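Biologist: I am new to this structure and would like a close look at a single part of it. Please choose a part, tell me what surrounds it, and then follow its links outward.

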Amino acid sequence: METEYFTENELLRMDKQVNEIRKDILTDNDKLYDSVSSDNEIILMGESTHGTLEFYERRSSITKHMIREKGYTMILLEAEWPDITRVNDYIQGRGTDNSAKEAFSNITQFPVWMWNNSVSYELIEWIKEYNLSHSDNMVYVYGIDCQRFLSCMKPIIEYMHNCKHPHHAQVSTNMAIFRQFITEGQYAGCAVLGPLKPHVANIMGKLQKQLSRFQWDYLDKIIDKPKMAKEHKINSICCEQCLEILVNGEEYVRKMLEEPEGSQASWNTRDQHMLMTIMRMRNRFAQLNNGVTPKIIIWAHNSHIGNSIATSRGGTTFANNNTWNVGQMVKEMFPKSINIGFYTYGGKVTAAKKNNNSGETMELENSHPLSYEYLFHKIC
C-alpha cells in the first residue's frame, strides 16, 4: 500500500493554520508549570531518545521547579536500582562519594551516557544542595528497572548480615545458583536452553518465597517500630526492592529468550515491575512519613511513559498479546497524574552500534511529513 502524502494545497492550508496557532502559543515554562494541578500525584516525563541533550536539560529544569515550588520529593529513573541507590546515598549525605560523577561511577554498562552525563551530574548536585536546607523533607532518587538483577544479590546479603536477619543463611543459599553467572544473558541461556531448564520452577518458587517471607515476617514490623532509625527502615525497604528485582528480573531475562518473535511478554514483565516499584515507593514512604504520600517524578523513555492503548499493539487485556506500559497502568491506578513526552523533528543523538559503550554523535533523520513530530515542528 502506498503512503498518502498531503497535496500542495493541503500543505499550504496547513501552513496557514499553523501560523495562526503559533500566534497563540505561549512558550514560557510557567504555562507548563501551571498546567500541573496542585493535587497531582505523579509526573511522567519521557524522551524519544536516550541520548539527546535538550531532553535531559528540559526534564532537569522541570524537575527542579516541581521540587522547589510544588513539593515533589521522589525522582524515579529508568535505571537499575543498585546503581541509583548509591546516587541516593550521595544526595542524602551518606556513603563515601565526593561528587555526583563519582556516585554514578557504578554505571559502566551500555548505554553509559544515559545517566553518566553532565546534566545528570548537575541535577544531582542541585538536589544534594536542596536537601541540605530541607533535612525534614528531603528528595529521594531511585531506579525502577530490573534488567540487571544479579547486582541485587550483594546488597541483600550485606543488609541481612548487618542486621543479623534470621533467614540470612537460607537466602544466601537460595541465591548461590546465580553466582556462577557473570551476566544475566548467561543465566537466561542456561535456564532456557541449558542444564538449569528443569530447575527453573524451583528457582522461581524459592525467590518468591524469600520475598514474601521478608515482607510478611519482618519488614512491616521494622517500619512500624517508632524508635527504629529512619535510615535503617529505608535500608530494609531497599532490601525488599532488591528481592523483588530478583523475582521479576529473572522472569524478564528468561522470557526474552523463551518468547516467540513478536511476543510482548518480556516487555510487559519489565513495565509491570516498574509500576510495582512506583506503588511500593509511594506506600512505603507514606508509612515512613506518617501517612504523607510522596509526590513522584518519573524519567523514562516515551515508549514507557506514553499510553500503550493509543498504539496498534496496546490493549486492556493480555488476550491478544497486547502491550502494557507504565503510562497506561499509572493512568489507570492514579487518575491524578500527568504525562509530558519529548519529541523532535531532527537534531543529534548520542548512540552506539552493537552495544558499544563508546557512544558517538549521530544525526537524526528529519521526521516524516505525516508524523506528529512534523506537525509539532511546524507549530513550534
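Modeller: Contact here means heavy atoms within 4.5 Å, and helices (H or I, at least four residues) and strands (E, at least two) are DSSP runs numbered from the N terminus. This is a predicted model, in which local features need pLDDT of at least 70 and side-chain atom pairs count only at pLDDT 80 or more, while totals for chains, interfaces and linings use all residues. Residues are numbered from 1 along each chain as its sequence is written, and side-chain values use heavy atoms, leaving out hydrogens and water.

Let us take helix H10, which runs over residues 200-224. The expected span of a helix is 1.5 Å times one less than its number of residues. With 25 residues, H10 should therefore span 36 Å, and its end C-alpha atoms agree with that, lying 35 Å apart. Along the way, H10 bends by about 40° at Tyr 218; a bend is the angle between axes fitted to the seven residues ending at a position and the seven starting there.

Tyr 218 is also one of the buried residues of H10. Buried means under 20% relative accessible area, exposed over 50%, and partly exposed in between (1.4 Å probe, protein chains only). The other buried residues of this helix are Val 200, Ile 203, Leu 207, Gln 210, Leu 211, Phe 214, Gln 215, Leu 219, Ile 222 and Ile 223. What lies over them? The cover includes helices H7 (153-162), H8 (168-175), H9 (184-193), H11 (230-258) and H12 (265-288).

One of those covering helices, H11, holds Glu 240. This residue counts as buried because its relative accessible area is 1%. Leaving aside residues up to four places away in sequence, Glu 240 touches Leu 211, Phe 214, Gln 215, Leu 219, Arg 280 and Arg 284. Leu 211, Phe 214, Gln 215 and Leu 219 are among the buried residues of H10 listed above.

Now for the charged links. A salt bridge is a side-chain nitrogen of Lys or Arg within 4 Å of a carboxyl oxygen of Asp or Glu. In H10, Asp 220 makes one with Arg 284 of helix H12, at 2.8 Å from N to O. The two partners are 64 residues apart, so the pair links distant parts of the chain. Arg 284 is buried at 10% relative accessibility, whereas Asp 220 is partly exposed at 31%. Both belong to a network of salt bridges that also takes in Glu 240, Glu 244 and Arg 280.

How many salt bridges does the whole structure have? The search finds 19. Another of them pairs Lys 64 with Glu 122, with the closest N and O atoms 2.8 Å apart. Here Lys 64 sits in helix H3 (residues 53-70) and Glu 122 in helix H6 (residues 118-132), and 58 residues separate them. Lys 64 is buried at 15% relative accessibility, while Glu 122 is partly exposed at 38%. There is also a bridge between Asp 97 and Arg 86, where the closest N and O atoms are 2.7 Å apart. Asp 97 belongs to the loop between helix H4 (81-91) and helix H5 (100-103), and Arg 86, 11 residues away, lies in H4. Asp 97 counts as buried at 12% relative accessibility, and Arg 86 is partly exposed at 24%.

To finish, here is some backbone geometry outside the helices. Most residues other than glycine have a negative phi, and most peptide bonds are trans. Against that background, a cis peptide bond joins Phe 110 and Pro 111, with omega about -10°. Pro 111 is found in the loop between H5 and H6. A positive phi near 55° appears at Lys 164, which is not a glycine. Lys 164 is in the loop between H7 and H8, two of the helices that help cover the buried residues of H10. With 71% relative accessibility, Lys 164 is exposed. Asn 290 likewise has a positive phi of about 55° without being a glycine. Its place is the loop between H12 and strand S4 (295-299), where Asn 290 is exposed, at 77% relative accessible area.
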